[in-house]
Amino acid sequence: MTTSTGTGTGTGTDWAAWQESWDRQQEWYMPDREDRFRIMLDMVEALVGTAPRVLDLACGTGTITARLLARFPGATSTGVDLDPALLAIAEGTFAGDDRVTLVTADLKDPDWTARLPHHSYDAVLTATALHWLHSEPLADLYGRIAGLVRDGGVFMNADHMIDESTPRINAAERAQRHARMDQAKSQGAVDWAEWWQLAAQDPALAAPTARRFEIYGEHADGDMPSPAWHARVLREKGFTEARPVWCSPSDTLLLAVK
């Protein structure tokens, strides 16, 4: 693995355990989380093959990269993120794997693409990350992503995408989802805030976690436009086709082809 994160990694830390705990925390919010990754990789295979050059956008701990490489050993991945704690876990996880490059960059910086090791990618993939951007900077980001995807390549975003035209459906789905989350919480599930409290207590993650909260605060406040908005903007920014290829009651996997 090559890296330009500068986060450093701790000696003797069980990075696999941190990956597992991150997955369990995320699954408290999204029980169908693995379904979106399976369909995402199905579409990668269908459209760009089994040895793609991938940009894992807002990669976090490297969740997509781990599943990509497990399914497609011939793939390579560039993970880009700004979160020093999650990048520390990614560094520890992929240490020694030359297929993975990790880059620290702020996606709101117009020049973030200059930090990448490649000028183009077969696939740009992201999940549960871009909802912290407001619509205007997200549209700008989509334009930059279109410039990175090769002709015939793909972009996929799996995220919260809310259709405001169905308020009763939205309210019912939200109520049921939160009831299930409350039940899981009563059985010991760890939520976002508790997970970060645990990270702050780990000697290898304490300093990166403190830096993370200096950067982001408690939680970012972005927009969650509808799948139709995402598809329209992606076409406006240079993709020829865009539509959902998977959805749950609250989330959508949107696929765009250059």
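Leaving aside neighbours within four places in sequence, Arg243 is in contact with Leu253, Leu254 and Leu255 in this predicted model. Arg243 itself belongs to strand β7, and with a relative accessible area of 54% it is exposed, because the cut-off for that class is over 50%. Its C-alpha atom and that of Arg71 are separated by 24 Å, the two residues being 172 places apart along the chain.

The strand that contains Arg243, β7 (residues 241-247), pairs with β8 in the antiparallel sense over six bridges, and a hairpin of three residues leads from β7 to β8. Within this pairing, Cys247 stands opposite Thr252 of β8. Cys247 counts as exposed, at 53% relative accessibility, whereas Thr252 is among the buried residues of β8. Strand β8 also has a partner in β6, to which it is joined by seven bridges, and these two strands likewise run antiparallel. In that second pairing, the residue opposite Leu253 of β8 is Ala158.

The surroundings of β8 (residues 251-257) can be described from the burial of its residues. Seven of the seven residues of this strand are buried, so β8 is largely enclosed by the rest of the structure. In a regular strand the side chains alternate between the two faces of the sheet. In β8, Asp251, Leu253, Leu255 and Val257 point one way, while Thr252, Leu254 and Ala256 point the other way, and all of them are buried.

A second strand examined through one of its residues is β2, in which Val54 is found. Val54 counts as buried, with a relative accessibility of 1%, because the cut-off for burial is under 20%. Although Val54 and Tyr121 are 67 residues apart along the chain, their C-alpha atoms are separated by 5.8 Å. Tyr121 is also one of the residues in contact with Val54 once neighbours within four places in sequence are left aside, the others being Leu68, Thr76, Ser77, Thr78, Ala123 and Leu125.

Helix α5 (residues 135-148) has 14 residues and reaches 20 Å from its first C-alpha to its last, which is close to the 20 Å expected at 1.5 Å a residue. The buried residues of α5 are Leu138, Ala139, Leu141, Tyr142, Ile145, Ala146 and Leu148. Seen down the axis of α5, these buried residues fall within an arc of 160°, so they line one face of the helix. On the other side of α5, Glu136 and Gly147 are exposed. The elements against which the buried residues of α5 pack are β2 (53-57), β5 (121-127), β6 (149-160) and α9 (227-236).

A comparable description applies to helix α7 (residues 192-201), where the buried residues are Trp192, Trp195, Trp196 and Ala199. Viewed down the axis of α7, these residues fall within an arc of 95°, so they line one face of the helix. Among the elements that cover the buried residues of α7 are α1 (15-29), α4 (84-94) and α8 (206-216).

Two loop residues were noted for their backbone geometry. Most residues other than glycine have a negative phi. Ala58, however, has a positive phi of about 55° although it is not a glycine, and its place is in the loop between β2 and α3 (63-71). At 14% relative accessibility, Ala58 counts as buried. Thr128, which is likewise a residue other than glycine, has a positive phi near 50°, and Thr128 lies in the loop between β5 and α5.

With regard to cysteines, a disulfide is a covalent bond between the sulfur atoms of two cysteines. The structure holds zero disulfides. Cys59 is buried, with a relative accessible area of 6%, whereas Cys247 is exposed, at 53%.

Finally, an unreviewed UniProt entry carries the annotation "domain: Methyltransferase type", which covers residues 55-155. Over residues 55-155 the chain of the model is 34% helix and 28% strand, and the C-alpha atoms at the two ends are 9 Å apart.

Note on methods:
Residues numbered from 1 in each chain as written. Predicted model: local features only at pLDDT ≥ 70, side-chain atom pairs only at ≥ 80, totals over all residues. Heavy atoms only, no water. Helix = DSSP H or I, 4+ residues; strand = E, 2+ residues; numbered from the N terminus. Expected span 1.5 Å × (residues − 1). Buried < 20%, exposed > 50% of the residue type's maximum accessible area, 1.4 Å probe, protein only. Arc of directions from axis to C-beta. Contact = heavy atoms within 4.5 Å. Pairing = 2+ DSSP bridges. UniProt positions renumbered as here; feature names shortened; annotations may be inferred. Disulfide = S-S within 2.5 Å.
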